[in-house]
Amino acid sequence: MSTLTQSSAPASTPIVKPAAQIRSWKIPITFGSFAVLSLFLFVVLGRGLRGELSTFRLSEGRDLIQLPEVALPTFATGVFVAVVLVLMAAASAWLVYRHTKIPIVLTILFALLFLVGFLAWAASGSTIPVPGLLIGTVTLSAPLIFGALGGVLSERAGVVNVAIEGQLLAGAFSSAVVASATGNPYLGLLAAMVAGALVSMVLAAFVLKYLVDQVIVGVVLNVLVIGLTSFLYSQVLAPSANLNSPDVFPRLNVPFLSEIPIIGPVLFRQTIIVYVMYVAIALVYFGLFRTKWGLRVRAVGEHPQAADTVGINVNRTRFIAVTLGGVISGFGGAYFTLGAVGAFNKEMTNGMGFIALAAVIFGQWHPIKATLAALLFGFATNLQNVLGIIGSPVPSEFMLMLPYVVTIFAVAGFVGRSRAPAADGKPYIK
Amino acid sequence: MSATTTTAPAGRDSRMDGSERWIQTLRDITGGSAMISVLAVLFALVVGAILIAFTNERVQETAGYFFSRPTDLLRAVWDAVAGAYSALFQGSIYNFRATNFLTAIRPLTETLTFATPLIAAGLGVGLAFRVGMFNIGGRGQMLIAAGAAGWVAFAVELPAGIHLIVAILAGLLGGAIWGGIVGLLKARTGAHEVIVTIMLNFVALYLIQFLLRTPGALQAPGSNNPKTPAMAATAVFPDLFGPRYNLHAGFLTVVAATIFVWWLLSRSNLGFQFRAVGQNPSAARVAGINVKNVYLYAMAISGALVGLAGINQVLGTVTTGFGSGIDAGIGFDAITVALLGRSKPWGIFAAGILFGAFKAGGFAMQAAEGVPIDIVVVVQALIVLFIAAPPLVRAMFHLPTPGTSRKPKIRAVKTRQTNEVVAK
Amino acid sequence: MKLELRGITKRFGALVANNNISLTVESGEIHALLGENGAGKSTLMNVLYGLYNAEEGDILLDDVVQKFAGPGDAMNAGIGMVHQHFMLVPVFTVAENVVLGHEQTTFGGRLDLSAARAKVREISDRFGFDIDPDALIEDLPVGVQQRVEIIKALSQDAKVLVFDEPTAVLTPQETDELMIIMRQLAESGTSIVFITHKLREVRAVADRITVIRLGTVVGEASPTATNAELASLMVGRAVELTVHKNAPELRGTALSVKNLSVIDSRNQIVVNSVSFDVQAGEVLAIAGVQGNGQTELTEALLGLQQHVTGLIELDGKPLRGYSVRHILDSGVGFVPEDRTEDGLIADFSIAENLMLDRSSGAPFVKAGNLQLGFRAQFAAEKIAEFDIRSQGSEMEAGRLSGGNQQKVVLARELSRELRLFVAAQPTRGLDVGSIEFVHTRIIETRDSGIPVIVVSTELDEVVALADRIAVMYRGEIVGIVPGNTPRATLGLMMAGEHAPATESGL
């Protein structure tokens, strides 16, 4: 048997079969629904808007480079968009029928076009300040993005993080108190990170040491943090106002970059919290996908036994990842007090942690995609503000509803079969 | 000889004689869940006491001269804690200062009033847990149910009795539809129920807000406030013990709901299928159970039960008309209630009453002693946290571990996703 | 490197998994550790690999006592392991899996994957493997995944290599190739521990054989020992590897399958135009290496697969396209291959599991109500009839031993009025006693005039039970042959050859 007669065995090649003939109609159905919706909104309801103009303002008054305003005829734009959307829906159906993959570009185009049509319809007879809309989007998304990044880190390591809400709230509370007490908002940021870390360490301890169901601990921690911060607020902060009046970070303009049309004001006239956010997104992405540490974190979240057998301490790796996630989420909590309001209020995070959780899942546990999902939610929230100011033809509630409806469609239509880290939510017992 | 490998662990306990059984029983009590629950409640109250003491001004003052007169501090701590907890007790169960029994017992009826929607929503969330789903959509389901029941109650004219029943049915249907959407989407497309329920909360909120400011829908005629008119007297839950107490017949619907869920889960075949899917969806599918339908039915029933909480709010507790805050956070409280009750119907019933007592007593405590009601939330969270981690409580109180000799349970890491099961 | 285990004892509570086991593996030796399922082989190897801590005993490498706090220590000392269930992260690439735990980094903590790729290529070249370092593990067939496991161990300069049941997932041909690799490794000085329960393989490759039973070493043997000698050592008594059965009494075609194809969720054709008939009163065994479409075929018969084309007829009535419920009600009994995942609900009681597939109607359900009295009585009867060793019908099924769990599944499926019985891997992971029990019940079922399909990857089982054998390879049936077809022929068919004559492929 010493002569090596190695042939490349038939079984060592993958069992490759010709691509099978299954059609998934999810995307055409989703497209079709939106096409019908736009026909109804822009054409049927939009008939009354004939002769109106929808104006998009692309620059702010203080910009160096002034872009002209774009004025579109509301009804014509609506009809055009609706027709194109119908055509695109038909095209997607045809592609599916022909077993061709629907290019992602088509989906993106479809979404953008729908958005333009929607904005044009909503802004009939008035002006939409595009930079303002987008600046607010980035600002309002900041806590969501921090929360989502924290969630991504934790879940990639295999620990479901439902406690994002608690981490945000703890961060908001402690940053307000510490920044007020010391007069130094940077110490407030530090305190926010510590508070977020503490919450996630409790999560990690219960989950990893006592093997308590991860969702249960997360839910309960949220309630605990809500209770604690509300109690301390009523008992300690409310009576002595000097503990709850931190300085708010000002907006800082980045030289040159902030003068780029549209992008400049949106991305580079923000507070330090948002600038840290850019860094955090890059770091989490780099850390998870480009470093040794990230490889181990993902291994522990996908196949903890495999990690264990190569000498990786599963629970320690998980603990560190969850704690780091808490640091990031906690930092995001500081946005509420030091980035926006300037004081802590009871339950001021108002369910944002759960939206961040939705962004994690919607974003398929990927830091960049989760960030995009969080931006979508931020956009939705800000759209309400903008449309509330300029007034719009439909009840504002339906505008407000739309992003959530879109999310449901998206989750049902596109990411329904998204894959969580394989060991997410499961304790590792040898 | 060949079977020796398998006989070792089996058959041991069945041959247990009387004395061994007694010892086992004792072990189960001290190490088991009843004892854990009691200790968890006690420990949570102790932590609450520490928080109350630390934030008390008088305690802080006396701590300043602790070494000169330590008894002052101890007295201050005692006053703060005992004052708060006795107010809590008197506000939730029995008021010793009342002149007669009928007044003294009033707090207990308040407790039951607060418990009513908590139990209903807790049952809904708990049922979903048993089917392996996490229903965070309590808020939306309550709002839709409240809107439907409320509209029937103030806008439709029907004879007394029938009017109430129709209003309840409308509310249940509203909750069932709002929950059923989630089940349907999960079954048909594999959409994650956590996202869908959260999103539907917002959709319901804005929908109700829109209806509340739309004349002819839910808005009270002639008013500009986003609020409904008062419910018609024919559609309101009657008081159980007369106008002196707030407790209304809605409590009976919740008792009925508890019995129904108990029957559903442990006596009906639909509940059997629910539990099978909750424990192991792939085995359930192989056994011919239609997993998709189970998700749909379970979420519809769960939504209806949560909806019952909304119905109780508008037809029982706040009958003078409601706004979009009518859910009062009960949809989220229900999650902790379900967890504390371990998703079992009577456990949820008891947990709901405990949390109802905390709520009723908390208001009394805040009024009498100035201790913010939020402390109650802290205590509730701690209770659930400790109950969820029996090993922690055992370690703290050095209790024996039940079934120590059992081989460690090895859980294989499942790579198969539940979504995949659904998708098939 | 010489490996020595001295007096290893490992307990789980009251259960003694390893009792005072001693073993020596010389440098460059292939030492087989033989024992049946549950004998304690895997526990011993997990002790050796630092995953478990033994209560007593020492591990020595080149006569130096080692202390392993975890697998990392064992690896650093030169021990490598090829696990039975591959320890590979499915969504990682080959290179990522190979370096996991020993990653090299460049500036800024960046992962240096090019070094990892080079390492994979270097080792692949040395052994003539053809492996793409950037392929995702989940896209690779199991045989290749195993080679990745070997590369992973070798990349850590393993001097002692443990193979834990490595042939369970391989074709006979792949098995032969693995043997060559093992020989090659041993010749280069690596000590090899080869854990298995397959006698033939042990005799083919081992230099020395240690047999363990019930956690204790019961003897040593040389490769020249006969199968019967080894088997009796392993099981503790003389075993008969055959099942007593009479010639089948055929009663006409019951199940007819024509041009059946299955497409899975990844859009691959996993069963490709398969046709066969099963007569009432015979056992048709479906042989083949794991992953060649057998699972999907049985699932298609049960209505568990979504995209199925072709014809399935039972007693002239079509089954394809109907719900699982309808197919079960048509009289199909099914033992799924993954008992704990698909066959039982671990947290349900035995009684509940016994009614699992009859939860929609009489006799267990009347007017939506569970008939608890009937269920308890039924469970008591079945526990007695199938000799299920338990603490009563309310005991959780998850706490039963594997053999007793399988008896619960069998009891449930065989208690219905059957017109077809499908058993997939009915004895996987069971002890010899339970295997005999299951085989006897299957033959009894056949003799009662019910058509039976048995899917098995174990050639022994196929040969023991089958009246006819269909061999599957890459989603197709390469041939249907009589039950007494020689093993060698079957082995070649399992590698995809239609006739015994070797094709001159490559």
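What follows is a walk through selected features of chains A, B and C in a predicted model.

Chain A makes a reasonable starting point. It carries 15 helices and 5 strands, and its C-alpha atoms occupy a box of roughly 80 × 75 × 40 Å along the principal axes. Of its 430 residues, 53% come out as buried. Taking the contacts in chain A between residues at least 6 apart in sequence, 78% link residues that are at least 24 apart.

Chain A also meets chain B, in a contact built from 47 residues of chain A and 45 residues of chain B. On the chain A side, at least two residues each come from helix 7 (214–237), helix 11 (304–309), helix 13 (352–362) and helix 15 (396–413). Helix 7 of chain A gives the most here, with 15 residues. By residue type, the side of chain A that touches chain B splits into 33 nonpolar, 8 polar and 6 charged residues.

Away from that list of helices, one backbone detail in chain A deserves a mention. A:Asn350 is not a glycine, yet its phi is positive, at about 50°. This residue sits in the loop between helix 12 (314–341) and helix 13 of chain A. A:Asn350 counts as partly exposed because it has 14 C-beta neighbours inside 10 Å, and being buried would take 20 or more.

Two helices stand for chain B here. Helix 7 of chain B covers residues 106–130, and at 1.5 Å a residue its 25 residues should span 36 Å; the C-alpha atoms at its ends lie 35 Å apart, so the two figures agree. That said, helix 7 of chain B does bend, by about 35° at B:Ala115, with a proline, B:Pro117, following within four residues. Most of helix 7 of chain B is covered, with 23 of its 25 residues buried. Just past the end of this helix, B:Gly132 adopts a positive phi of about 85°.

Helix 15 of chain B (residues 330–340) is largely enclosed by the rest of the structure, because 11 of its 11 residues are buried. Among them are B:Ile330, B:Phe332, B:Ile335 and B:Leu339, along with B:Asp333 and B:Thr336. What does the covering of these buried residues include? From chain B come helix 7, helix 8 (138–155), helix 14 (291–317), helix 16 (345–369) and helix 17 (374–388), and helix 7 of chain A joins in as well. That last helix is the one that gives the most to the side of chain A touching chain B. Right after helix 15 of chain B, B:Arg342 takes a positive phi of about 55°.

In chain C, strand 20 (residues 452–456) is a good place to look at packing. It is largely enclosed by the rest of the structure, since 5 of its 5 residues are buried. Both of its faces are covered: C:Val452, C:Val454 and C:Ser456 are buried on one side, and C:Ile453 and C:Val455 on the other. Strand 20 of chain C runs parallel to strand 13 (residues 283–287) of chain C, the two being joined by 5 bridges; in this pairing C:Ala285 has C:Val454 as its bridge partner. Strand 19 (residues 420–424) of chain C also pairs with strand 20 in the parallel sense, over 4 bridges, with C:Val422 partnered by C:Ile453. Strand 19, helix 15 (residues 432–447) and strand 20 of chain C together form a right-handed β-α-β unit.

Elsewhere in chain C, C:Leu230 lies in helix 8 (residues 227–235). C:Leu230 counts as buried because it has 21 C-beta neighbours inside 10 Å, where 20 or more is the mark. Leaving aside residues up to four places away in sequence, C:Leu230 touches C:Leu34, C:Leu199, C:Val202, C:Val211, C:Ala221 and C:Ala225. By contrast, the C-alpha atoms of C:Leu230 and C:Val89, which are 141 residues apart along the chain, are separated by 36 Å.

Two further backbone details round off chain C. The peptide bond from C:Ala362 to C:Pro363 is cis, with omega near 0°, and C:Pro363 falls in the loop between helix 12 (350–354) and strand 17 (365–366). C:Asn20, a residue other than glycine, has a positive phi near 50°. C:Asn20 is placed in strand 2 (residues 15–25) of chain C, and it is partly exposed, with 14 other C-beta atoms within 10 Å.

Conventions:
Residues numbered from 1 in each chain as written. Chains lettered and ligands numbered in written order. Predicted model: local features only at pLDDT ≥ 70, side-chain atom pairs only at ≥ 80, totals over all residues. Buried ≥ 20, exposed ≤ 12 C-beta atoms within 10 Å, placed from the backbone. Contact = placed C-beta atoms within 7 Å. Nonpolar A, V, L, I, M, F, W, Y, C, P; charged D, E, K, R; others polar. Expected span 1.5 Å × (residues − 1). Bend = angle between axes of the 7 residues up to and from the residue. Pairing = 2+ DSSP bridges. Right-handed = clockwise from strand over helix to strand, strands pointing away.
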